[in-house]
Amino acid sequence: MSESERDASGTVELDAVVVGAGFAGLYMLHKLRGQGRRARVFEAGSEVGGTWFWNRYPGARCDVESMDYSYSFSEELQQEWRWTERFPSQPELLRYLNHVADRFDLRPDIRLGTRVTAAAFDESALRWQVRTDRGDQVSAQHLILAVGCLSAAAIAVPDFPGLATFGGRWYHTCDWPMDDVDFAGQRVAVIGTGSSGVQVIPEIARDAAHLTVFQRTPNFSIPARNRSLDDEYQREFKKRYNERREMLRHLNFFLGNPRLARQTPPDERQAEYEARWQAGGPAFLGAFGDLLVDQEANDTAADFVRGKIREIIRDPEVAERLIPHGFPLGAKRPCIDTDYFDTYNRDNVTLVDVNAAPIEEITPTGIRTAAGIHELDSIVFATGFDAMTGAILAIDIRGRDGVRLRDKWLAGPRAYLGAATAGFPNMFIITGPGSPSVISNMVVSIEQHVDWIGDHVEYMRARGLQTAEADLAAEDKWVEQVQEVADRTLFPKATNSWYLGANIPGKPRVFMPYVGGVGPYREICDEVAANDYEGFSFTP
Ligand code: N01
């Protein structure tokens, strides 16, 4: 930090502190710089990239297509960058984000390897006082949380007795070592069959002597049908890039295909599912407009996928154990895989249903379930995250009257538009709980939030306003609206999903994302802005 930015006490004075240097933090910094603001990003990782820095497990790949899962804010960037595959791998995404950091010269304002530990709103100065684990003391008008919804700061490792005694090595998919891990010749366990488990399982099965998968809830998974992207495809795509981006920005989640499954003759419905299964990817869920709002419609798609699982897996008993039941397709985040179900046809793979044989303890040499012991050399936890709130609450954030955010959110997160919370002036959350976030293309939602927050900050600067604070009434109304919209869908029917915080023992069960679609959400945010940020109070 330059000396000119420090006051007499050694505190650095800034316009904004941004926490996190993933997709959200990098663009937020670029935006603030463009507005002439002095901003610093603090990032706990030793490189930029956020989720794409930490999740370096074998097979880590995004399930949104590369051409769409990328920034649209720079025409030059989107024209220049060349993606190599339909679904981008973690290394490619990390290269992309490093390129963005260099191309826009962002690095001078990013402090890597530095974790923000505390932030307190100083009511006399009307500024945030921010502290890091490396002793930084920073004072900023705005605190912008770009910590991500599924963050390394909030990984979930179940509290199995005996883990500390395990003599082999253990890993979490989101805290993977920087060096390659060699499982050759090893007996390996993977616990968890969500998106991370579904990606890592086929990779480890290929390398290990034996893989045992510990499954609690079988998941729906659609084949990715990943492929390389040729130049011709990209040239054509890029000719209409802006049209495509505009369409993505205004997407209504439930209007992917206006046809309704319930009104479509069964043979045509099957043909539609088959075509989408063959095409691969998350577009399967857009097959019909009623799949996420009508249980009977959903059953037709879910049954189709169940049929596919039975077709792929040779052992009918194993197939039955892998078939999801009890929640609608798409209500828990569906997985997109490469060779996932096929992996269970291998001789070196065993599936353990932990509902039938619960894990009792981890011993020095393996995992003991109610049915016996599994001797192991390595254990991989693909057990997910304290999603959407964990990384925010890992920071000791105190607002007006010293109120801790952790206390305010004790019964679940509350944020106006999912972006600001009453009692915490000038604090913004990029893709926070109550915004479309994880039920959308994250990059589209990040860009929308960053632009909206940037405009909000600029609005305040232009009028000489010191603070902006979400009104409690506006916040309460929004939280209610998020719930109402969710209740019109099948999402809350998956009562054990991380969308509800159900994977974390003791976490309040509140449906966190806004599922009304990024288009309608954008309109609401734009209207709030056009009405002088209705729902916010300002101090001059
Ligand atoms: O985590 P998860 P994830 N004993 O919470 C199981 C994104 N993502 O890291 O379902 C036994 O989905 C748990 O079981 P259950 C994406 O948004 C994207 O896989 O709670 N098992 C579940 O099977 C995704 O949704 C990509 O009953 C236990 C698994 O662990 C999100 O990240 C790739 C257990 C956790 O699944 C999270 O995915 C990867 C216990 N005590 C991630 N505790 C792509 O873009 C938990 N489990 C492709």
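Two exercises follow on this predicted model, one on the ligand and one on a sheet.

**Exercise 1. Describe the shell of residues around the ligand, then find polar contacts of the ligand.**

Step 1. Start with the shell. It holds 23 residues, and those that come nearest are Thr-193, Ser-196, Arg-216, Thr-217 and Lys-332.

Step 2. Sort the shell by type. It divides into 9 nonpolar, 9 polar and 5 charged residues.

Step 3. Look for the element with the largest share. Helix α5, residues 195–207, supplies 3 residues of the shell, the largest share.

Step 4. Apply the cut-off for a polar contact: N or O atoms within 3.5 Å. The side chain of Ser-196 has an N or O atom 2.6 Å from an oxygen atom of the ligand. For the side chain of Arg-216, the distance from an N or O atom to a ligand oxygen is 2.9 Å. Asp-63 takes part through its backbone: a polar atom there is 3.0 Å from a ligand oxygen.

Step 5. Check the cover. On its own, the ligand has 910 Å² of accessible area, and the protein covers 90% of it.

**Exercise 2. Work out the strand order of the open sheet, then follow the pairing of β8 with β16.**

Step 1. Read the order. The 5 strands run β7-β16-β8-β9-β12, and the pairing is parallel.

Step 2. Find the edges. β7 (169–172) and β12 (349–353) each pair on one side only, so these are the edge strands.

Step 3. Take the twist. From one strand to the next, it averages 20 degrees.

Step 4. Go to one pair. Strand β8 (residues 187–191) and strand β16 (residues 378–381) run parallel and are joined by 4 bridges.

Step 5. Pick out partners. Ile-191 has Phe-381 of β16 as its bridge partner.

Note on methods:
Residues numbered from 1 in each chain as written. Predicted model: local features only at pLDDT ≥ 70, side-chain atom pairs only at ≥ 80, totals over all residues. Heavy atoms only, no water. Near = heavy atom within 4 Å. Polar contact = N/O pair within 3.5 Å; in protein donor to acceptor, adjacent residues only side chain to side chain. Areas by Shrake-Rupley, 256 points an atom, 1.4 Å probe, with all protein chains shown as cover. Helix = DSSP H or I, 4+ residues; strand = E, 2+ residues; numbered from the N terminus. Nonpolar A, V, L, I, M, F, W, Y, C, P; charged D, E, K, R; others polar. Pairing = 2+ DSSP bridges. Axes fitted to C-alpha atoms, helices over the stretch in contact; angles between N-to-C directions.
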